[in-house]
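Got your viewer open? Load the model below and keep the selection box handy, and we'll walk through it stop by stop.

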Amino acid sequence: MKIITENPINIPSYPLEFQQIITAKNHNFVGREFVFAAINNFLNQYDRGYFTIIGDPGIGKSAILAHYVSQNPGVVYYNVEITGKNRVEEFLTTICTQLIEIAQNQDSKTCVERSRNNLTTNFPDFTTESSGFLSLLLQQISDKLYPEQRIIITIDGCDRIDINNQPRGSNIFYLPRYLREKVYFILTRRPFLTDKSGLLVENPAESFDLSAYSEQNRADIQEYIKSYLNESCHSVDASAATLRERQRRTRRVGSISEEKNPGDVSLNMTQGFDDETNFMYVKEILTAINEDIYPQNLQLYYQNHLEKMNLATRKQQPMALQVLNILVQEQPISIEAIAEILDEDEYEIKVILDKWREFLHLESIAAEIYYSVYHASFRDWLRQHIEPKF
């Protein structure tokens, strides 16, 4: 990966909890060069702006951002996934604290004294009320940057931001509508409805949808598996039969070729995931390859999905549960087909599906949109857990 600048800004150390996330997500990291190339192209094409990486749950967005930060000194990092970090007050306090330190380190003693006098007034109370203080900091830092420098703020997990305590119509985390030159934000989030982005900006903005790069995602999965096997001590113990049994238990589509040498563990295991693009799924299956239970982390992950779906459609129950039951049995499927099965209004069905957008794939077939659960493993888990409710 090419470093974004030869003269990065001097940023303070990340908070310990962020450092731990970055370290964990970087473990056994491979590939994703097509994403980093797109980021660099955006930075080189525009003098400011918002770049958003969009992807299904588990496709590797957090790892991409963590690796990018680790390889590019001078990038500010914030992770919404950590408990308590999804509120605007916490974000602005954390980010503005780092930006003040950056501003104080930028120039001479005179500049430091001026920064202390101007930037710390009413901090942190004023910081959390709007984007005004954040914009002021970014402006003063931008004015002091060298020609080849940029200030880049990365925010991982924008889909988890709690906007309940913000005024209606305000940007998520009060992110600035207008950016100064050399100021960039790189965001990650799950799929969302365009009118529900929570972000209104008057700057260059680009979205990068990972689902449009299936071939590259699959290739990176293969590299990840090979890297995992080379590093892990249980590669000798794992076998083609073990993986086949694991896939059977999780009802995963696809199996290892019977014609290949079962002793060639690396070849057999990578073939077992030929069409896979979800890093979370592959990681957990490989980790639990010799266990007799469904990977616990996956179960917790999917349980969290289901709870979020139920919470989003709590006003539409029990129709929402009926829709979900159809989705896990018959997919892809159109709104018209679901409405016909349930004898309900199509609009009511669309309201429910819109609220589940981050967990669904949308496909255009004969000028009609068809819906499906984002991953076969999650669909099968749902089938096991919701069928008894009907």
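Which residues point one way from β1 and which the other way, and are they buried or exposed? Select β1 and color by residue: Gly49, Phe51 and Ile53 point one way, Tyr50, Thr52 and Ile54 point the other way, and all are buried. In a regular strand the side chains alternate between the two faces of the sheet. Buried here means under 20% relative accessible area, exposed means over 50%, and partly exposed is in between (1.4 Å probe, protein chains only).

Before moving on, some housekeeping. This is a predicted model, so local features need pLDDT of at least 70 and side-chain atom pairs count only at pLDDT 80 or more, while totals for chains, interfaces and linings use all residues. Residues are numbered from 1 along each chain as its sequence is written, and side-chain values use heavy atoms, with hydrogens and water left out. Helices (H or I, at least four residues) and strands (E, at least two) are DSSP runs, numbered from the N terminus.

**Stop 1: the neighbors of β1**

Keep β1 (residues 49-54) on screen and add β4 (residues 183-189): the two run parallel and are joined by six bridges. Zoom in on Ile54 and you'll find Arg189 as its bridge partner in β4. Now add β5 (residues 205-209), which also runs parallel to β1, with five bridges between them. Here, Tyr50 stands opposite Ala205. Strands count as paired if DSSP finds at least two bridges between them.

**Stop 2: helix α12**

Next, select residues 319-329. This is α12, a mostly covered helix with eight of its eleven residues buried. To see them, pick Met319, Ala320, Val323, Leu324, Asn325, Ile326, Leu327 and Val328.

**Stop 3: salt bridges**

Side chains of opposite charge can pair when their charged atoms come close. The cut-off for a salt bridge is a side-chain nitrogen of Lys or Arg within 4 Å of a carboxyl oxygen of Asp or Glu, and the structure holds 16 of them.

Start with Arg180 and Asp143, whose side chains meet at 2.5 Å, N to O. Arg180 sits in the loop between β3 (151-156) and β4, and Asp143 in helix α6 (residues 132-143), so this pair ties together parts that are 37 residues apart in sequence. Both ends are partly exposed: Arg180 has 37% relative accessibility, and Asp143 has 45%.

Jump to Asp159 and Arg190, a salt bridge at 3.8 Å, N to O. Asp159 lies in the loop between β3 and β4 and Arg190 in the loop between β4 and β5, so the pair links parts 31 residues apart in sequence. Asp159 and Arg190 are both buried.

Then try Lys283 and Glu284, which meet at 3.4 Å, N to O. Lys283 is partly exposed at 38%, whereas Glu284 is buried at 6%. For a final selection at this stop, take Asp159, Arg160, Arg190, Lys308 and Glu358: salt bridges that share partners join them into one network.

**Stop 4: a negative patch**

Switch to a surface view and select Glu336, Glu340, Asp343, Glu344, Asp345, Glu346 and Glu348, which form a negative surface patch. Helices α13 (335-342) and α14 (346-355) each give two or more residues to the patch. Patch members have over 30% relative accessible area and no salt bridge, with like charges joined within 9 Å. Finish on Glu340 in α13: this residue is exposed, with a relative accessible area of 65%.

Definitions and conventions. Patch = residues over 30% accessible without salt bridge, like charges linked within 9 Å, V, L, I, M, F, W, Y side chains within 5 Å. Areas by Shrake-Rupley, 256 points an atom, 1.4 Å probe, with all protein chains shown as cover. Lys, Arg positive; Asp, Glu negative; His and termini not counted. Charge placed at Lys NZ, Arg CZ, Asp CG, Glu CD.
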